[in-house]
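User: I should like to understand how the terms used for a ligand site are justified. Please take me through them one at a time.

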Amino acid sequence: MTVKRGLLIGRMQPIHEGHLQVILKILDEVDELIIAVGSAQKSHTLDNPFTAGERILMIGQTLADEGVDPSKYYIIPIEDINTNAIWVSHVKMMTPPFSVVYSGNPLVQRLFYEENYEVEAPPLFNRTLLSGTEIRKRMINGGNWEKLVSDKTIELINAFDGINRIRHLYKKEISEL
Ligand code: NAP
């Protein structure tokens with residue numbers, strides 16, 4: 001039997017309930033899912049506060065807590081490269097073979113489409129609230145970010161001192177304006 005393997009790529013800064021719903025839905029459609037953690041080299045910035053390793057733990061523990069069979073997915077960090085035209089080859093080099101790509105990002109869609117991959121846009125769930133930007137903003141402003149992420153993600157962000165980290169980065173950024 002041929003395994004239908006999909007690829008979902010996102011920075012997941014941090015993984016939130018929207019990503020989780022998308023992952024669970026895709027897992028109904030494929031035999032195996034590659035969850036690629038994009039911009040893996042980035043951390044300690046306001047847009048990318050968490051390291052790839054921290055993001056991998058948040059994703060893995062969230063899925064484990066949901067009872068998702070770990071043989072159904074791979075979590076793989078993917079660093080950015082300067083050249084879009086060879087990015088798909090770079091992703092392929094780092095991952096098991098896959099036939100379908102899930103992305104809402106027009107650049108990602110286009111790059112895979114040009115390499116003859118089947119590309120699907122996953123549905124967006126409650127985007128006003130379930131967005132990495134909104135969650136990071138709430139972390140800085142003292143809003144209720146916890147409501148938008150899993151219990152495991154809350155635990156890990158607290159263990160990483162993530163809220164103090166992002167507030168510290170924010171203070172540094174405004175002091176440099
Ligand atoms: P992203 O920068 O993580 O996300 C872009 C936007 O799409 C964010 O607002 C994100 O929201 C949203 N989004 C992500 N997944 C979604 C989903 N399933 N449903 C609804 N909205 C979603 O970019 P990305 O497209 O998810 O990830 C692409 C990764 O590939 C990035 O790390 C990018 O740097 C990398 N890339 C690299 C190259 C290169 O190196 N040359 C080329 C192309 C792409 P949230 O913030 O809520 O996730």
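**Contacts of the ligand and its pocket**

Analyst: An oxygen atom of the ligand lies 3.4 Å from a polar backbone atom of Ile-9. This is a predicted model, in which local features need pLDDT of at least 70 and side-chain atom pairs count only at pLDDT 80 or more, while totals for chains, interfaces and linings use all residues. Residues are numbered from 1 along each chain as its sequence is written, and side-chain values use heavy atoms, with hydrogens and water left out.

User: What makes the pair formed by the ligand and Ile-9 a polar contact?

Analyst: A polar contact is a pair of N or O atoms within 3.5 Å. The distance at Ile-9 is 3.4 Å, so the pair qualifies. A polar backbone atom of Ile-81 is 2.8 Å from an oxygen atom of the ligand, and an N or O atom in the side chain of Arg-127 is 2.9 Å from a ligand oxygen; these pairs therefore qualify too.

User: How much of the ligand's accessible area does the protein cover?

Analyst: The protein covers 81% of the 870 Å² that the ligand has on its own, with areas from the Shrake-Rupley method and a 1.4 Å probe.

User: Which residues around the ligand come nearest?

Analyst: A residue is near a molecule if one of its heavy atoms lies within 4 Å of it. There are 20 residues around the ligand, and His-16, His-19, Ser-39, Leu-124 and Gly-132 come nearest.

User: Why is the space taken by the ligand called a pocket?

Analyst: On a 1 Å grid over the protein atoms alone, a pocket is an open set of points with protein on both sides within 12 Å along at least five of seven lines, whereas in a cavity a 1.4 Å probe fits but cannot get out. A molecule sits in a pocket if more than half of its atoms lie within 2 Å of its grid points. The ligand takes the space of the largest pocket, which holds about 900 Å³.

User: What lines the largest pocket?

Analyst: Its lining comprises 35 residues, and Ile-9, Gly-10, Arg-11, His-19 and Asn-105 lie nearest the centre; a lining residue has an atom within 4 Å of a grid point. The elements β1, α1, α4 and α5 (132-141) each supply at least two residues of this lining. Helices (H or I, at least four residues) and strands (E, at least two) are DSSP runs, numbered from the N terminus.

User: Where is the cis peptide bond?

Analyst: The bond from Gln-13 to Pro-14 is cis, with omega near -5°, and Pro-14 is in the loop between β1 and α1.

Notes
Polar contact = N/O pair within 3.5 Å; in protein donor to acceptor, adjacent residues only side chain to side chain. Points joined across faces, edges and corners; volume = space filled by probe spheres on them.
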